[in-house]
Amino acid sequence: MPHRCLAALALAAAATPPPRQRQDIGKLPALGYNTWNDVRCDGVDATTILSLAQGLVQSNFSQKGYTFLNVDDCWQAPLLNDKGELVPDSLKFPDGIRPVVDKVHALGLRFGLYADRGFYTCAFRAGSRHHERTHAKQFHDWQIDYLKYDSCWSPNLRRKGALEDYRRMRDALAEYAPNVHYSLCGWSSWYAPAVSGEEGYHSWRISADCDEFANIYEAARTMEQLSDYAGPAKGYNDPDMLVGTSTGAVTLTPTQSRTQFDLWCVLAAPLLLGTNPSRMNAWDLETYGDSDVIEIDQDPLGKQGTPVSSTCPPHTPKDNWWCSPWSMPRDVFEVWTGLLRALAAVLLTSALLLRGVGRPCAAAVAFILAIGSVGYVQVLHTYRPRVAACQQVWAKPLVDGDVALLFVNWAPDDAAVACDAACLDRAGLTRRPLYVREVRARANRAPLVDGASVLVQRVGGGGGSVLFRVGL
Ligand code: GLA
């Protein structure tokens, strides 16, 4: 075994998390890594997972708390076997799942897996519908610690049916694999009031996939109404996984990626890295490795931050379903609109040819279909999520009485963002003097001494932010 691996194992032995009690699962937002934003489908295999596990340890991320290594879609074969069991893809996982889980556990990490409440997963692998108990038994046999349960290809599109699907897997896990962190992935905010505080539900996705900055804005605005549903005895709203700036299937600008992370910490959101820990650039290492920021996410009060000042327009959360124009994943959107445009071109050419050979009716039909395709592409574009040019201040109360304040500038240009006396009041900061620390810069500001003091900060455009910790 190479020295690096031995060193990683030795490090991990010291870092092995203690066995978890059921009542402790999901008390704080989950911290770890997920394959989807990084390697999508093709990169999911046993060798990659083990190297990611070593990367989490060697980069020190596991010591900082990132202990879940979650394998997303595409680890499974397209069909269940004769017994209705999930079958690991034999090319990607030739020895099955359990040996991989054992090795990941030996490194002091926890292992997460992905499944789906429908007949198929979103990437067309076998789903768990009507086989929940069988699959929960497999999850127990494989000793997994976390299950992300997605929502594609279920006939239950409405709330009642969706919740029944999720309850069936929750009950199966309670029976066979009670120590599994259960993470719902239904992309809609109504899950929060429906499952928060219910036994066995630990987090739930509230919005569409964050694979572009507009989705991060949408997720943040959706979170505004959901703070009552988060907490150690309730579970956590999940605005989706992190998007880095290093290699990965999806990336953001450095400014946007850091804003996502700092905002997610103020929102007490699960923090699942979407970039390979061994190949992260210096910016991402700094973004995700700052212990003072992670501490805000993992604050024991488990309070989700709320906006205490906002110039943003009113926002109504959308009910998402897979492939609705506003929640269609970016890569699906690009393939789909590309196909439609190609179809429109073929139809238009056919219309001209048909007209040329004296088939006016067929030409008219082809022309109408071409116009229809172009119109549909236009509809898809119109309903894509958009970022409003506005500013916000978010506040999260912390266990020692301090408050984390995040100043966010969603607009394209730099702007001065202010938190005046009313804003500080809303953040619960009513007494003076207040000491102000800029968290990432590790710099103290002049204290706010009286009722007229205002905290003002110039914040970069294109999604910039500045994080403060304010207290007595
Ligand atoms: C959905 C989920 C994503 C990811 C993919 C996998 O889009 O929302 O997070 O799990 O499916 O196919």
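**View 1. Strands β12 and β15 pair in an antiparallel arrangement.** In this predicted model, β12 covers residues 415-419 and β15 covers residues 455-459. The two strands are joined by 5 bridges. Within this pair, A418 of β12 stands opposite V456 of β15. Strands of a sheet pair through backbone hydrogen bonds, and the pairing may be parallel or antiparallel.

**View 2. The side chains of β12 alternate between two faces.** A415, V417 and C419 point to one face, and these residues are buried. A416 and A418 point to the other face and are not buried. Such alternation between the two faces of the sheet is what a regular strand shows.

**View 3. Eight strands form an open sheet with parallel pairing.** The order of the strands is β7-β6-β5-β4-β3-β2-β1-β8. At the edges are β7 (236-238) and β8 (271-273), each of which pairs on one side only. Neighbouring strands of this sheet are turned against each other by 25° on average, with direction ignored.

**View 4. Strand β1 runs parallel to the edge strand β8.** β1 covers residues 31-34, and 3 bridges join β1 to β8. One bridge partner can be named on each strand: G32 is matched with L272 in β8.

**View 5. Helix α8 is largely enclosed by the rest of the structure.** This helix covers residues 213-223, and 10 of its 11 residues are buried, so the surrounding structure encloses most of the helix. Among the buried residues are F213, I216, Y217 and M223, and also E218 and R221. The buried residues of α8 pack against β7 and against α9 (254-266).

**View 6. Residues surround the ligand.** The shell includes W36, D72, D73, Y114, T121, C122, A123, D150, C185, D209 and P329. By class, 6 of the shell residues are nonpolar, 1 is polar and 4 are charged.

**View 7. The whole protein, for orientation, has 14 helices and 16 strands.** Its radius of gyration is 24 Å, close to the 23 Å that the globule rule gives for 472 residues, so the protein is as compact as a globular protein of that length. The C-alpha trace spans about 85 × 50 × 45 Å along the principal axes. Of the 472 residues, 46% count as buried. Among contacts between residues at least 6 apart in sequence, 75% join residues at least 24 apart.

How values were computed
Residues are numbered from 1 along each chain as its sequence is written. This is a predicted model: local features need pLDDT of at least 70, side-chain atom pairs count only at pLDDT 80 or more; totals for chains, interfaces and linings use all residues. Helices (H or I, at least four residues) and strands (E, at least two) are DSSP runs, numbered from the N terminus. The radius of gyration is taken over C-alpha atoms; the globule rule is 2.2 Å times the number of residues to the power 0.38. A residue is buried if 20 or more other C-beta atoms lie within 10 Å of its own, exposed if 12 or fewer, and partly exposed in between; C-beta atoms are placed from the backbone. Two residues are in contact if their C-beta atoms, placed from the backbone, lie within 7 Å. A residue is near a molecule or strand if its C-beta atom, placed from the backbone, lies within 6 Å of it. Ala, Val, Leu, Ile, Met, Phe, Trp, Tyr, Cys and Pro count as nonpolar, Asp, Glu, Lys and Arg as charged, and the others, Gly among them, as polar. Two strands pair if DSSP finds at least two bridges between them. Axes are lines fitted to C-alpha atoms, for helices over the stretch in contact, and angles run from 0 to 180 degrees between N-to-C directions.
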